[in-house]
Amino acid sequence: MSEAKPTLYTCLSPSLLHLYDVKDSIVVVIDVFRATSTIAAALHNGATKIIPVDSVPGAIELGEELGAITAGERDGKIAPGLQYGNSPLEYPQNFIGGKTLVLTTTNGTRLLHMALKNGATEVITGAFANLSAVCDHLVASGKNVILGCAAWKDRVNMEDSLFAGAVVSRVRQHFQVFCDASLAAETLYTTVKDDLWNYTKQTTHYHRLASYGLEKDMEWCITHDIANVLPVYEDGALIAKA
């Protein structure tokens with residue numbers, strides 16, 4: 001008799017994370033606009049590591065202590081006291097290569113710390129930019145998976161749900177997927193995947209960030225496999241795994 005497949009669930013908001021058995025699962029932190037896209041970009045372009053911090057003062061203090069680049073946002077804008085923002089386009093190889101980035105964001109870094117606090121066995125980050133790397137790792141791991149959407153201040157958002165759906169559509173044959181949130185996300189993604197950019201323009205987060213002139217950021221963030229690395233949380237930092 002063949003072994004049972006591992007399970008896959010989708011958590012559409014951090015406010016729902018307590019309903020899932022995080023301790024026995026790989027948690028994929030998803031914050032497409034823009035934290036996990038920026039993480040993929042920076043590591044793909046040679047950052048040594050990224051230290052996710054859940055507060056602006058904490059990021060400033062740690063950055064000064066380590067002599068690292070401090071970056072992040074609150075409500076889509078560079079937070080006062082930080083050097084750089086949460087844009088994947090801010091971290092080309094000739095800037096970020098060989099450096100440490102201390103990053104704090106409104107939603108993504110918060111969810112990552114929630115997953116760690118709840119005892120996740122492994123935490124990785126995912127976005128369209130590294131979709132294939134994430135899917136390949138989940139299939140190879142043979143472990144239970146929770147796709148954790150960072151959402152927007154606990155409100156479900158479309159871009160994170162779409163990415164979760166993209167993952168489900170690629171890996172479902174390797175997992176038990178008895179989860180309505182996963183079904184909904186997969187259905188959404190498969191329905192709009194051929195016109196993803198135009199669909200994204202209808203979302204609330206698109207309009208929020210577009211008001212700051214960040215359209216190029218968002219177009220980059222929904223491009224598949226443009227920074228196809230696997231960010232894994234180890235010893236207090238995200239590093240790129242082969």
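**Close-up 1. Helix 5 and what covers it.** Strand 2 (25-30), strand 7 (122-126), strand 8 (144-149), helix 6 (158-171) and strand 9 (230-234) are among the elements that cover the buried residues of helix 5. The model shown here, as in every view below, is predicted. Helix 5 spans residues 131-141. Its buried residues include L131, S132 and A133. V134, C135 and L138 are buried in helix 5 too. Just after the helix comes G142, with a positive phi of about 70 degrees.

**Close-up 2. Helix 6 against helix 7.** Helix 7 covers residues 180-192. The axes of helix 6 and helix 7 lie 7 Å apart. The two helices pack at an angle of about 95 degrees. Angles of 65 to 115 degrees count as roughly perpendicular, and helix 6 and helix 7 are therefore roughly perpendicular to each other. On the helix 6 side, the residues in contact are M158, S161, L162, A164, G165, A166, V168 and S169. On the helix 7 side they are S182, A185, E186, L188, Y189, T190 and V192.

**Close-up 3. T10 in strand 1.** Strand 1 runs over residues 8-11 and holds T10. T10 has a relative accessible area of 0%. Buried means under 20%, so T10 is buried. Its side chain makes a polar contact of 2.8 Å with the side chain of S182. S182 is also one of the helix 7 residues that meet helix 6. Leaving out residues up to four places away in sequence, T10 touches Y20, L147, C149, A164, V168, C179, A181 and S182. A164 and V168 appear in the previous view as well, on the helix 6 side.

**Close-up 4. T104 in strand 6.** T104 belongs to strand 6, residues 100-104. Its relative accessible area is 0%, so T104 is buried. The side chain of T104 takes part in two contacts shown here. One is a polar contact of 2.8 Å with the side chain of R74. In the other, a polar atom of the T104 side chain lies 2.8 Å from the backbone oxygen of V53. Residues up to four places away in sequence are again left out of the list of neighbours. T104 touches V53, D54, S55, V56 and A59, among others. Its neighbours also include A71, G72, E73, R74, L82 and T109.

**Close-up 5. D154 in a loop.** D154 is part of the loop between strand 8 and helix 6. Its relative accessibility is 29%, so D154 counts as partly exposed. Phi of D154 is positive, about 75 degrees, although D154 is not a glycine. The side chain of D154 makes a polar contact of 3.2 Å with the side chain of R110. Beyond residues up to four places away in sequence, D154 touches S13, P14, S15 and R110. L111 is 43 residues from D154 along the chain. The C-alpha atoms of D154 and L111 are separated by 9.9 Å.

**Close-up 6. D225 in another loop.** The loop between helix 10 (215-221) and strand 9 holds D225. D225 is a residue other than glycine, yet its phi is positive, near 60 degrees. At 29% relative accessibility, D225 counts as partly exposed.

**Close-up 7. From the cis peptide bond into helix 1.** F33 and R34 are joined by a cis peptide bond, with omega of about 10 degrees. R34 sits in the loop between strand 2 and helix 1. Helix 1 spans residues 35-44 and is mostly covered. Nine of its 10 residues are buried. They are A35, T36, S37, T38, I39, A40, A41, A42 and L43. Just after helix 1, G46 has a positive phi of about 105 degrees.

**Close-up 8. Aromatic rings and a charge.** The structure holds six aromatic pairs. Y84, Y91 and F95 form one aromatic cluster. Elsewhere in this view is W152. The charged end of R208 sits over the ring of W152. The distance from that charged end to the ring centre is 3.9 Å.

Technical notes:
Residues numbered from 1 in each chain as written. Predicted model: local features only at pLDDT ≥ 70, side-chain atom pairs only at ≥ 80, totals over all residues. Heavy atoms only, no water. Phe/Tyr/Trp six-rings, centres within 6.5 Å; stacked < 30°, edge-to-face > 60°. Lys NZ or Arg CZ within 6 Å of the ring centre and 35° of its normal. Helix = DSSP H or I, 4+ residues; strand = E, 2+ residues; numbered from the N terminus. Buried < 20%, exposed > 50% of the residue type's maximum accessible area, 1.4 Å probe, protein only. Polar contact = N/O pair within 3.5 Å; in protein donor to acceptor, adjacent residues only side chain to side chain. Contact = heavy atoms within 4.5 Å. Axes fitted to C-alpha atoms, helices over the stretch in contact; angles between N-to-C directions. Parallel < 35°, antiparallel > 145°, perpendicular 65-115°, else oblique.
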